[in-house]
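Reader: I am new to this structure. Please take one part of it, look at that part closely, and then show me how the rest is arranged around it.

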Amino acid sequence: MSAEVIVAGAGIVGAAIAEALASAGVRVTIIERAQVGGGATAAGMGHVVVMDDSEAQFALTKYSRDLWQSYVAEMPPQVEHDPAGTLWVAADEEELQACRQKQRYYAERQVESELLDAGQLQRAEPNLVSGLAGGLRVPGDSVIYAPCAAKWLLDRAISQGAKFITGTVVAFEEGGVRLTNKRLACDLSVCAFGTAAAEYFPNLAMRPRKGHLVITDRYPGFVRHQLVELGYLKSAHGDSNESVAFNAQPRRTGQVLLGSSREFSQTTGEINDDLLRRMIERALRYMPALANLNILRTWTGFRAATPDKLPLIGLTRPGIYLATGHEGLGITTSLGTARLLADQILRRQPAIPVAPYLPGRFRERVA
Ligand SMILES: Cc1cc2nc3c(=O)[nH]c(=O)nc-3n(C[C@H](O)[C@H](O)[C@H](O)COP(=O)(O)OP(=O)(O)OC[C@H]3O[C@@H](n4cnc5c(N)ncnc54)[C@H](O)[C@@H]3O)c2cc1C
């Protein structure tokens with residue numbers, strides 16, 4: 001295909017799309033107004049995880065996780081890939097039952113997982129509080145350092161012929177995009193602005209969902225897996241205005257990254273002290289020894305949340321595509337998103353059905 005495609009936004013989603021298109025021989029220009037991977041991509045946790053809130057969420061996360069695995073051998077050290085796996089922590093018998101269901105669901109769909117009883121959980125993660133019921137280990141999940149992964153994907157795109165320019169896109173038009181000081185012509189454009197997409201497509205079915213994260217000093221081995229309480233699923237998939245859940249990640253640096261909170265109706269990045277305190281208290285219930293660690297930094301970021309928790313990937317107006325709305329899974333699903341978008345542009349058969357992610361499903365709400 002000789003068409004010129006402009007990808008606007010060089011977060012992990014835009015960078016992955018540029019890479020997928022350039023590797024398929026498409027002439028691509030990618031435009032970023034700030035730092036590559038400096039938006040939600042830099043704010044997030046970098047957990048690459050299979051999730052099962054819906055069949056469509058499972059399909060996209062599994063497809064994407066497999067794509068990440070296929071890239072591992074080529075990743076430079078700065079991507080900090082860690083095959084730590086996820087450990088879903090069950091506090092009581094009811095949650096352990098949910099782990100069993102999750103295991104069955106995964107087994108039926110060829111995702112490896114292992115049920116742990118209370119003793120196995122304690123041996124797997126000695127710093128967890130005793131008395132928890134067990135857990136489910138998903139060894140194929142991993143952790144990456146997302147801003148460097150975005151930069152790496154962009155470099156791959158550039159090495160395959162993509163052009164990168166710094167600039168601010170002010171409008172998407174049929175046949176081109178308008179920057180502050182000029183218009184760039186193209187056959188097709190892709191808006192990969194994350195939460196900022198709503199400023200350019202006003203009635204988009206998407207709203208920002210704020211999150212807090214905390215990072216500690218270096219304590220190698222303190223946490224061994226990405227630890228997530230089962231209740232995280234309620235926090236992530238529910239629609240409550242505010243929620244917190246225990247989520248702890250080992251970083252390659254030896255640091256512990258702690259999450260997570262979810263908040264609607266917030267547009268500024270300041271720390272919500274009360275919510276942060278609840279988030280840390282929640283973590284201490286699962287891991288009291290965290291109280292001995294030194295916190296280095298706390299920050300917030302915004303997830304782009306859609307009503308059905310699935311991203312928007314596809315045509316929204318003639319010649320203009322969207323790739324946004326990834327909520328708390330955009331690091332994971334960036335690679336799958338990129339392939340599904342390239343498949344639509346190149347009219348290739350996608351590996352998984354694209355219908356659940358098409359922006360047209362919210363047609364009545366899209367401008
Ligand atoms: C607290 C938190 C924890 C998270 N944890 C995880 C996790 O563990 N795993 C996971 O998979 N996902 C996670 N996520 C979600 C993930 O971070 C996002 O879904 C993902 O980073 C979205 O990437 P993006 O490229 O769409 O957006 P962004 O990274 O925000 O990139 C958009 C880019 O577009 C640029 N841009 C915007 N407007 C313009 C303009 N007018 N002109 C030019 N450029 C423009 C911005 O500067 C930015 O670089 C988390 C998110 C948060 C907030």
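Author: A helix here is a DSSP run of H or I with at least four residues, and helices are numbered from the N terminus. The model is predicted. The part chosen for the close look is helix H1, followed by the ligand shell to which H1 contributes.

H1 covers residues 12-23. It has 12 residues and reaches 16 Å from its first C-alpha to its last, close to the 16 Å expected at 1.5 Å a residue. The helix is mostly covered, with 11 of its 12 residues buried. Those buried residues are Ile12, Val13, Gly14, Ala15, Ala16, Ile17, Ala18, Glu19, Ala20, Leu21 and Ala22. Just after H1, Gly25 takes a positive phi of about 90°.

H1 also supplies at least two residues of the shell around the ligand. The other elements that each supply at least two are strand S2 (27-32), helix H2 (40-43), strand S13 (207-218), strand S17 (295-305) and helix H10 (330-346). In total, 38 residues surround the ligand. The closest of them are Gly11, Gly39, Gly44, Gly194 and Gly330. By residue class, the shell divides into 17 nonpolar, 18 polar and 3 charged.

Where does the ligand lie with respect to the domains? Domain 1 and domain 2 both give residues to the shell, so the ligand lies between them. The domain assignment gives domain 1 as 4-65 + 145-205 + 308-365 and domain 2 as 82-141 + 207-305. Their centres, taken over C-alpha atoms, are separated by 27 Å. Across the boundary, 21 residues of domain 1 are in contact with 23 residues of domain 2. On the side of domain 1 that touches domain 2, the elements giving two or more residues are H2, S3 and H3. H3 gives the most to that side, with 3 residues. The residues of this side of domain 1 divide into 7 nonpolar, 8 polar and 6 charged.

H3 can be described in the terms already used for H1. It has 17 residues and reaches 24 Å from its first C-alpha to its last, close to the 24 Å expected at 1.5 Å a residue. Its buried residues are Gln57, Leu60, Thr61, Lys62, Ser64, Arg65, Leu67 and Trp68. What covers them includes strand S3 (47-48), strand S7 (142-143) and H10. H10 is thus named twice, as cover for H3 and as a supplier of residues to the ligand shell.

Two loops, one after H3 and one before H10, each hold a residue with a positive phi that is not a glycine. Glu80 is placed in the loop between helix H3 (55-71) and strand S4 (86-90), and its phi is about 55°. Glu327 is placed in the loop between strand S19 (320-324) and H10, and its phi is about 45°. Which of the two is buried and which partly exposed? A residue counts as buried if 20 or more other C-beta atoms lie within 10 Å of its own, and as exposed if 12 or fewer do. Glu80 has 17 such atoms and is therefore partly exposed. Glu327 has 21 and is therefore buried.

The backbone has another local feature at Ser260, in strand S16 (residues 255-263). The peptide bond from Gly259 to Ser260 is cis, with omega near -10°.

Gln103 is found in helix H4 (residues 93-108). It counts as partly exposed because it has 19 C-beta neighbours inside 10 Å. Leaving aside residues up to four places away in sequence, Gln103 touches Ser113, Leu115 and Leu136. Gln103 and Val138 are 35 residues apart in sequence, and their C-alpha atoms are 9.0 Å apart in space.

Last comes the chain as a whole. The protein chain has 10 helices and 19 strands. Its radius of gyration is 20 Å, close to the 21 Å that the globule rule gives for 367 residues, so the chain is as compact as a globular protein of that length. Along the principal axes, the C-alpha atoms fill a box of roughly 60 × 45 × 40 Å. Buried residues make up 50% of the 367 residues. Among contacts with a separation of 6 or more, 74% are between residues 24 or more positions apart.

Notes
Residues numbered from 1 in each chain as written. Predicted model: local features only at pLDDT ≥ 70, side-chain atom pairs only at ≥ 80, totals over all residues. Near = placed C-beta within 6 Å. Nonpolar A, V, L, I, M, F, W, Y, C, P; charged D, E, K, R; others polar. Domains from an automatic or database assignment. Expected span 1.5 Å × (residues − 1). Contact = placed C-beta atoms within 7 Å. Rg over C-alpha atoms; globule rule 2.2 N^0.38 Å.
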